[in-house]
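Biologist: I have the sequence and the model open, and I'd like to learn how to read them. Let's start with a helix and work outwards.

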Amino acid sequence: MSKNSFKDLEDLYTKERSNASDETKKKLNANINLFGLVSNLIELYIPKVGSIIGALDNGPSQSDKNNKKQPNK
Amino acid sequence: MSDEEAVEQYLLTQNVNYFNLLYDRYTNKVYAKCISMLRDAEQAEDATQEIFVKILLSLSKFNARSKFSTWLYSITYNFCIDIIRKGKKEIIVSLEDHTKVDLEDNGIYDAEIMETNVFRLKEVLNLMNAEDKSILLMKYQDDMSIKEICGVIEKTESAVKMKILRAKERFMKIYQESYGQSG
């Protein structure tokens, strides 16, 4: 197999990198956790926001009206 | 497990271990490209992190028709070229040379370039512009085919062949200016 200095250069940079890879991995995992949290929050609240907008659009729902008529029930 | 299977499993399960598998496989390769392109260890480390965040956010767009590595390297090179462009208005020579493309990549200089002393290679690459450097890395370090390079830089096959040939010529010119005879 013929020599390929480009691959050797890649190895050289990898050796010089030392432990920085682990630090970057930690930061990356922190980002992944943050993205997970944000997407969970979005999943949780988007339907509620949708229903609020729907309610604003259509006025009070039938159950709200019934509750107002019979406040003690 | 192949890279493509790891991507598929990550998208299905959102289990971070699948993403970490890809990170462990490619982090040093991505870093090596970043430092080759950016020439600064700290900047290369930051770029590596940002590239993986970018990858994470766009994994769902990954098209399994291409290799994961090709897609990852494509994002890496384009990311680095963007940083260089933003940092110093480098004049990037247009890939669309207006001369008629009638040149074939006949392997000219291949052996000489690949067998260059590694420290000299590092120096010569540091003196090259970002676009020439990235195309040589794609060809010699990543073993990308002409077709794959076309996909990365979004140019025609003839434009890519022309670009490789020109990059090799410029490499040899810089080498000879710096060290005299090749080797």
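Biologist: Which residues are exposed on the other side of α1(A)?

Modeller: Start with the counting rule: a residue is buried when 20 or more other C-beta atoms lie within 10 Å of its own, exposed when there are 12 or fewer, and partly exposed in between, with C-beta atoms placed from the backbone. By that rule, A:D11 and A:K15 are the exposed pair on the other side of α1(A). This is a predicted model, so local features need pLDDT of at least 70 and side-chain atom pairs count only at pLDDT 80 or more, while totals for chains, interfaces and linings use all residues. As for labels, residues are numbered from 1 along each chain as its sequence is written, and chains are lettered from A and ligands numbered from 1 in the order in which they are written.

Biologist: And which residues of α1(A) are buried?

Modeller: The general idea comes first: an α-helix has 3.6 residues a turn, so residues three or four places apart point the same way. Here the buried set is A:S5, A:F6, A:L9, A:E10 and A:Y13. Looking down the axis of α1(A), these buried residues fall within an arc of 150° (taken from the directions from the helix axis to the C-beta atoms), so they line one face of the helix.

Biologist: What covers the buried residues of α1(A)?

Modeller: Helices of the partner chain: the cover includes α2, α5 (110–114), α6 (118–127) and α7 (130–141) of chain B. The helix names come from DSSP runs, numbered from the N terminus: helices are H or I with at least four residues, strands are E with at least two.

Biologist: How do I check the length of a helix?

Modeller: Compare its span with the expected one, which is 1.5 Å times one less than its number of residues. α1(A) has 13 residues and reaches 18 Å from first C-alpha to last, close to the 18 Å expected. Just after α1(A) comes A:S18, with a positive phi near 55°.

Biologist: Zooming out, how many residues of chain A are in contact with chain B?

Modeller: Call two residues in contact if their C-beta atoms, placed from the backbone, lie within 7 Å. On that basis 22 residues of chain A meet 26 residues of chain B. On the chain A side, the elements that give two or more residues are α1 (5–17) and α2 (20–58), and α1(A) gives the most, with 10. By class, the chain A side has seven nonpolar, eight polar and seven charged residues. Nonpolar covers Ala, Val, Leu, Ile, Met, Phe, Trp, Tyr, Cys and Pro; charged covers Asp, Glu, Lys and Arg; the others, Gly among them, are polar.

Biologist: How does the overall make-up read?

Modeller: Chain A has three helices and zero strands, and 10% of its 73 residues count as buried. Chain B has nine helices and zero strands, and 36% of its 183 residues are buried. In α7(B), 11 of the 12 residues are buried, and the helix is followed by B:D143, whose phi is positive, near 50°.

Biologist: Where are the domains of chain B?

Modeller: Domain bounds come from an automatic or database domain assignment. For chain B it gives domain 1 (3–87) and domain 2 (110–179), with 21 Å between their centres over C-alpha atoms. Their contact takes 12 residues from domain 1 and 13 from domain 2. On the domain 1 side, α2 (16–38) and α4 (68–87) of chain B each give two or more residues, and α4(B) gives the most, with seven. That side has six nonpolar, four polar and two charged residues.

Biologist: Is B:Y26 buried or exposed?

Modeller: B:Y26 sits in helix α2 of chain B and is buried, with 21 other C-beta atoms within 10 Å.

Biologist: Last one: how do I read the confidence?

Modeller: pLDDT is the predictor's confidence in each residue, from 0 to 100. Chain B averages 85, and 87% of the residues score at least 70. Among its elements, α5(B) has the lowest mean (86) and α7(B) the highest (93). Over residues 89–102 of chain B, pLDDT stays under 50. For the model, ipTM is 0.79 and pTM 0.74.
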